[in-house]
Amino acid sequence: MGAIEVRGLVREFKKGPRAVDGIDITVAEGEIYGFLGPNGAGKSTTVLMLTTLLPPTAGTATVAGFDIVKQGAEVRGAIGAALQEAALDKFLTGREHIKLQGSLHGMKGAELKRRGDDLLERVGLTDAADRKVGGYSGGMKRRLDLALALLHNPRVLFLDEPTTGLDPQSRTALWDEVARLAREDGVTVFLTTQYLEEADALANRVGIIDHGHIVIEGTPAELKASVGRSSVEIEPHDAARLGDLERTLAAFGTPLTMRGTSASIRLNEGVSDVAAIVRALDAEGIGIHQLRLREPTLDDVFLEQTGRSLEGSGDDEDAAE
Amino acid sequence: MSTLALQVRVLSERSVRRTLRQPAAIIPAIVFPIMLLFVSAGGLQAAQNLPGFPDVSYFDFALAVTFMQGAIFATGGAGTDLATDIDSGFLNRLSLTPMSGAALVLGQLGGAIVLGIFQATCYLGAGFIGGASIATGIGGVIVLYVLVILMAIGFGALGVAAALRTGNGEAVQGLFPVLFVLLFLSTINLPLDLIPIDWFRWVATVNPITYLVNAVRSLIITGWDWPVLAAGFAVAIGIVIVGIGLSAVALRGRLQRT
């Protein structure tokens, strides 16, 4: 049995669409599973159900071998979670958070102190441990959040958009720690994210969710290979020639989403098309300001499956989440 | 120590720390009632010459009102803190631990009790500075503190119930003016018999706040008036029961965890 087994999970909200509409997921022990999708796709609702905070409308799921509906307390004892936004009390210090949460988990005395000190050191907060959290940076809050999620040695860790709003350095540090947890401690990680590179860098497998449905699932390499062809993005010297550029490019592949001043296509034949494109543009008198050749990304996978780009899509769909 | 007791203790500690670290929330709860005491004692001093008015200064008579205002501040404090926890997701964090719902409510009231005791001490100090004395002596002060704690729990629980029901700090603060209107429709300014307007006297008679004011006031100016104290304690305990009951119902709706 996997660390997480989900079958036909559904969540409906009053007067709203199905936020999660019959999803199936299996996550193996020690695996990092990336759950990718735009805002409002159903990622956070899924996490709330799997962490027992929201009862499902239909379907079944087990986490760490326990049923999320019938064995909620056992599930909570086996999991750690850092949910969207670091939910901390700005009036308490980092160490006071550790003490509060550890005590509620039944930890006490020397065991709690040792474990807390160890985790604070591991996330680089030893020096800041006695400062009130209100003065922490976003990255520090996220790291404390992670330490709190790990305090009681959970077997399964849920991270809901853990790096949203973090600077690149803090994001990389968090990725390293999550990867280490799975690699060295055998912790199963269920990671939701909007960031393609995050899923690509961390996840052993990725599931892409859109409008409550899982549209595709596999390793990042498998998913990108499923798209197959490379794409090219060209920015003309003269922005007024963008329309001409698009018409010329259309002969060489499938148009992709526009980025304002440039045109993109998925190449019919691959890299070998590029020379022909350059010749065609030269013949039309369209100067090239920039040309970028791109290998398939997870965004391309999302585009292929849904007809939309993941980046920036769904920003108007927050209500469903 | 049982698991529930331990959970209540750590959540109370957190609530107390949080309360003490918000001077902006504590200072008005202390300064405002004391200011109002001195203002009303100055402005309404002539009332002590009314036939039937107790044989004390108006300042001594009005001192009881500060304790009631303090209790109303407890409503806002406990409720607003919990609403903040709901809004920030901190309640979800706590819900992922084996914390029981009862521990959440009782722990939240810890800060309200500490604030209530601190406020009562300040009000008594202001009263002594203003020349008041406690007719029931040291025993009466102890009973007064017990009543203050009950009121902090009861009114705090009403705030907690509002927070759990709405999850909104502004909605909790909305209780504040409602309770203040109830306070002004009680015997805070005059004894019941001296209220000249019939409807006002009727409202004050059925208003439970009246019995709390009268009980506190009796300890300060009358001496051991057992029927008045019994009525006051009955109302305080009633508010505790209603507050905790409403909190328990609201908790079931708020904590949907399986």
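**Entry 1: the largest pocket**

I began with open space, and the largest pocket holds about 1,100 Å³. I then asked which of its 45 lining residues are closest to its centre. They are A:Leu48 and A:Leu54 from one chain, with B:Asn92, B:Arg254 and B:Gln256 from the other. A reminder to myself before going on: this is a predicted model.

Next I looked up which elements supply at least two residues each to this lining. On chain A, I noted β1 (4–12), α1 (43–50), β6 and α5. On chain B, I noted α3 (58–88), α4 (90–95), α6 (137–166) and α11 (226–254). By residue class, the lining of the largest pocket divides into 20 nonpolar, 13 polar and twelve charged.

**Entry 2: the cavities**

Rolling a probe the size of a water molecule over the atoms shows where empty space is left. I went on to closed spaces, and the count came to four cavities of 30 Å³ or more. I picked the second largest cavity, with about 70 Å³ of space.

Where does its lining come from? In chain B, α3, α5 (101–129) and α6 each supply at least two residues of that lining. Among the lining residues I listed B:Phe67, B:Tyr123, B:Val148 and B:Met151. Small names turn up in my list too, including B:Gly70, B:Ala71, B:Ala74 and B:Gly116. I sorted the lining of the second largest cavity into eight nonpolar, three polar and no charged residues.

**Entry 3: where the chains meet**

I turned to the contact between the chains, which takes 31 residues from chain A and 24 residues from chain B. Together, chain A and chain B bury about 2,500 Å² between them, and 60% of that is on carbon and sulfur atoms.

How many salt bridges run between chain A and chain B? I found six. One pair I looked up is A:Glu96 with B:Arg21, a salt bridge whose closest N and O atoms are 2.7 Å apart. For polar contact, with both residues at pLDDT 80 or more, I count eight residue pairs between chain A and chain B.

On the side of chain A that touches chain B, α2 (72–78), β6 (79–82), α3 (94–104) and α5 (138–150) of chain A each supply at least two residues. The largest share of that side, seven residues, comes from α3(A). That side of chain A divides into 16 nonpolar, eight polar and seven charged residues.

**Entry 4: salt bridges overall**

Side chains of opposite charge can pair when their charged atoms come close. Over all chains I count 32 salt bridges. I looked at one inside chain A, where the side chains of A:Arg122 and A:Glu177 meet at 3.4 Å, N to O. A:Arg122 lies in helix α4 (residues 109–122) and A:Glu177 in helix α6 (residues 168–185), both of chain A, so this pair ties together parts that are 55 residues apart in sequence.

Methods: Residues numbered from 1 in each chain as written. Chains lettered and ligands numbered in written order. Heavy atoms only, no water. Contact = heavy atoms within 4.5 Å. Buried area = accessible area lost by both parts, 1.4 Å probe. Salt bridge = Lys/Arg side-chain N within 4 Å of Asp/Glu carboxyl O. Polar contact = N/O pair within 3.5 Å; in protein donor to acceptor, adjacent residues only side chain to side chain. Helix = DSSP H or I, 4+ residues; strand = E, 2+ residues; numbered from the N terminus. Nonpolar A, V, L, I, M, F, W, Y, C, P; charged D, E, K, R; others polar. 1 Å grid on protein atoms, 1.4 Å probe; cavity = no way out; pocket = protein on both sides within 12 Å on 5 of 7 lines; lining within 4 Å. Points joined across faces, edges and corners; volume = space filled by probe spheres on them.
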